[in-house]
Every structure is written in structure tokens, then in C-alpha cells.
Amino acid sequence: MTSATFDTVARILLTEFHLDAARVTPATPLLDLDLDSLALMEFVFAVEDAFKLRIPQERLDPREAGITLQRLCEVIDQMVAAPAGAKAGVA
Amino acid sequence: MRADESLASVRSIRRERPVSLAAPVAVTGLGFITPLGHTVQAFDDALFAGRSAVRARTLELQGLDPITLSVAACEFDAAEVRSASRLPLDRGTAMALAAARTAMGQAGFASSELDADRVGVYWGSGIGGCGSFDAAAASLYGEHRRLRPTTVLTVMPNAAVAEIALHFGVRGSAIGYACACASSAVAIGEAMRAIRGGWLDVAIVGGHEAMLTPGLMTSWHAMRVLAQPPAPAPSTACRPFSGDRAGFALGEGAAALVLESESHARERGAAVSAVLAGYATNCDGSHVTNPDAEGQARAMRAALRDAGLEPSQVGYLNAHGTATTAGDAAEASSIHAVFGNTVPVSATKAIHGHLMGAGGAVELIVALRALEHQALPPTANLATPDADFELDFVRGAAREAAGLRYALSNSFAFGGTNAVLIAGVTQS
């Protein structure tokens, strides 16, 4: 996880979703962000738009317990590093 | 949402019915985001000085000639408003939530004084989350980007109703009204009826509109009802009832009031700043945009009957006064038919712009400020009234009105809906 990736994700949570900074740490599970399922989906869309990528459902199902912000950032870093063909479907 | 602002945990303190269908309803809170400012002090300063917030704005869109139009914008950052839902807010919804929070704060309820089942939200907006829809369309068609999962929720006309109800944990009726420029006046009047009828003790009421976005400004410009800002003095673009009137300035904002049955307010020892004394709504039933003076006069007479007043008891009239050729002519005629030239009239859209769905609420607040100050705000930019209008216009400067007891506010809408509200000083 790069700090730049985490900073971008954190900024979205703080400015667009008005979360308290104390809650936004790498170890925080997505399900503990105090966002309901709709807001969580909006958050994932915002992250994908910020990094211009689409995270496949199987790599990041927020309903699956235990996925943390750190894990989200690692997935983003892997996808950003992948060849362009792996980012199919990005609008 | 702060815990102390939620009603969800409170118990019932009273449920009796009914209040008289003719009873005045107490006003116990005010809040607003307007082009004149967001505080009562700033609003009063501009209002009674006749200081205009209207400015010129030029819009340049690809493939089209640039257009310059008159707008009255708010200094407001929607991103700073936190919603209880955590969902993104349309700019208008953010304004609505901010206004409602100020009004409820001023009403000063202790949590034990409110029964959430007896609190309602009655809220007006002409086009709801049109700015969000405009942005979504630009994103989809212009930038070929996907839309967000919450697009529908930011666009829907009752988004503000939902956010206000959620923020305060309201469990009574929560209803949105969409009748163009009369939306918030109708919302306020219908809430007044619900309280009089004993269905509610308290209502958070008002309206919002935020359509200073490219698509909406272009739509209004195409209709040719917006004033062209004069180059040397753009703030004089809107000139209601003037011989040289040429349309209105597109405004934005939100205004909220807390209405309460007089007995509920008295029991909790609330400061009652004024009362709503009368309301009526009807429809011209004749044309979508061309107003009918007869329909307007019927609405004003019905509101006077509702308040149990003679025309001579009304000491101030805040006109709808859009500064369009046909609109002002019809209203000058209808006011004269009901009041003759005895009631002082002013039209404050000259300074705060046409706030559409928020207009009725903002202009009711103008009437309330006149009652509070015992003074009448001037109509700005009215050096020479149209020679055909035989009315007593307040113009040039504010006018003292010692002994003012009742003030009337007109709201007349596209679609033919007319709404008239009458406010009064608190009986002592």
C-alpha cells in the first residue's frame, strides 16, 4: 500500500462522506466505516473514479467481513501497476 | 446528526385534538440561506436598505453563443453540509438542511418536549435536484462517464424532505410540494392546516431551489423571462412594477420556519416571534404561464376570510412581483381589486432574485421581518412605477409602520397555482 493511495482514499472519506479522521485508518474494516450499503457502494464508485479503474466484484466484496482500507489500497495499487488491458471497461 | 437534534428517543407529551380550524399558528423558528445572507442581521441590513444581490453572469457553452443573464447567488459551500444519510447532497438539499437546522435551533426544543410522531416536514421545491440531474447528464453525455449509485436520490424532488426528516428523526407526515413558484408557500400553508386540524403539533416548513447550473440557466434564458443585466449597474436588472421592467433575476436559496400550535408553544414556554393567521390556495385554471388577475384576487380574498380579516387590517403586502410585463400587470390589477390603493406594497425580488420553490418562504420571512421591525422594506429599482398601476408602492427607502399588525405575502406560480399567506404579530 502506498501512502499516496491511502491519502486519496482517506480524503474521499473525510471530504465526501464527512467521516471522523480517527475512524479512517488502514486497519479500519470497510464495514466499520459507519456507511450503510448504499453509501459504501457510492464510496467504492468514488474511489474507482478517482483512480480511473474498476475493481472486479470478486476482489472486493464489501459484504465480506474483514476487508480493510489497507486491503482496498493494495488492490488499487495492484490494478494501477497492471498492464492497461487489465483495466477493461473503464469509462 | 448530533444526538441532541434527534427526536427519535422522546416520549409523547400531548395528543389532544383539535385546534380550531381558524386558529393562528405560532412561528417559533427561522433559518435561511439566501443571496442577501444567511443570518437575520445580514438579511435585515440588505432588506431594509434595498441593497441588491443581483449580479451579471456570463455562460459560455461549447457550440453556442455566450449568454449573459442576471442571477442572485448564495455564498454557500454545499460540501460542508453533513447529511445524516452520509449520501452526497444536491446543492439545494444542502441549503435546505442548513436552513432547517438553524430554524430548529432557534425554536429551541428540549428533547423531552417533542413527540416525533407529532412533528412533520412540509417542504417545497420547484424542480428538486435539477442541478444534480444537470451535472449527471453532462457527465453521461458530455464526458461519457458512468453515473453514481446515488444519482436518483440526489435528483428526486423530496430529497430535502427526506434529509430533514432523517436528521431530526421526524415521524409525522413528511411531504414535498412541487407547484413552481408557489411551492414553499403551499407547503407552509398546508402545514398550518395540519396543525390547525390537530394532526401535528410542530412542522418544519419551507422550501429550496438551486438551479444556477448551465442547463437550468440556459432553459430559463430561452424562455425570455430573465432580465438582461444593464452593463453599468447589473444589480438594477430586476425592476418590479417599474415602467421599464424587463424580467427577473434567477435566484437560489432555502428558507425554513418552525410552525407550532399556539398551545404547544405556550406549554413549553417558547418565544413566539409571530403567527400565521391565514392561508389560501387556488388555481387560475386558465393558462400555464399567463397569470389571471381574477384568480389571484380570489386567492387573496380567501386568505383574508381564513384569517378573519378585512382588507383594511392588512398593513403590508409583499407582492409576488416578478418584474415581468404580464406578471406585474396582473398582480397590480388583482391587488387593486381587493385592497384599492390603501395597502403599502413592495416587491423584494428586486434584491434577492426569484427563488422559485424557496420564494414563498423567503418572502413570508420578509413579511415577518416587517412585523418585527414595524417597518416596510422598499422595492428597489422602482424610480418610476408603471403609470397604469394605482398602488401605494414602498420605494426609495424603507417606511416606518408603527402599529403594523398583519402582513400578506403573494406567491403565484407557473401552472396557475396561487398561494397567499398572512402573518400577524403575536397577540399580547
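How many residue pairs are in polar contact across the interface of chain A and chain B? I looked this up in what is a predicted model, and I found 11 such pairs, both residues being at pLDDT 80 or more.

**Entry 1: the side of chain A.** I asked next which element supplies the largest share of the side of chain A that touches chain B; I noted helix H2 (residues 37-51) of chain A, with eight residues. By class, I recorded nine nonpolar, two polar and seven charged residues on that side.

**Entry 2: extent of the contact.** I counted 18 residues from chain A and 16 residues from chain B in the contact. I obtained about 1,600 Å² for the area buried between chain A and chain B, with 47% of it from carbon and sulfur atoms. In chain A, I found that A:His18, A:Glu42 and A:Phe45 lose the most area to chain B, and that together they make up 39% of what that side buries.

**Entry 3: salt bridges.** Between chain A and chain B I recorded six salt bridges. I examined the pair A:Glu48 and B:Arg146, whose closest N and O atoms are 2.8 Å apart.

**Entry 4: nonpolar cores.** I then turned to the largest nonpolar core, which has 74 residues. Its members that touch the most others are B:Ile188, B:Leu250, B:Leu257, B:Leu259 and B:Leu368. Helix H12 (residues 359-373) of chain B gives this core its largest share, nine residues. I followed B:Leu257 and, leaving out residues up to four places away in sequence, found contacts including B:Val27, B:Ala103, B:Ile188, B:Val205, B:Leu364 and B:Leu368. Apart from this core I noted another, of 33 residues, with B:Phe76, B:Ala96, B:Val119 and B:Val161 among them.

Definitions and conventions
Residues are numbered from 1 along each chain as its sequence is written. Chains are lettered from A and ligands numbered from 1 in the order in which they are written. This is a predicted model: local features need pLDDT of at least 70, side-chain atom pairs count only at pLDDT 80 or more; totals for chains, interfaces and linings use all residues. Side-chain values use heavy atoms; hydrogens and water are left out. Contact means heavy atoms within 4.5 Å. Buried area is the accessible area (1.4 Å probe) that two parts lose on being put together, summed over both. A salt bridge is a side-chain nitrogen of Lys or Arg within 4 Å of a carboxyl oxygen of Asp or Glu. A polar contact is a pair of N or O atoms within 3.5 Å; within protein, one must be able to donate a hydrogen and the other to accept it, and residues adjacent in sequence count only if both atoms are side-chain atoms. Helices (H or I, at least four residues) and strands (E, at least two) are DSSP runs, numbered from the N terminus. Ala, Val, Leu, Ile, Met, Phe, Trp, Tyr, Cys and Pro count as nonpolar, Asp, Glu, Lys and Arg as charged, and the others, Gly among them, as polar. A nonpolar core is a set of buried Ala, Val, Leu, Ile, Met, Phe, Trp, Tyr and Cys residues joined through side-chain atoms within 4.5 Å. Buried means under 20% relative accessible area, exposed over 50%, partly exposed in between (1.4 Å probe, protein chains only).
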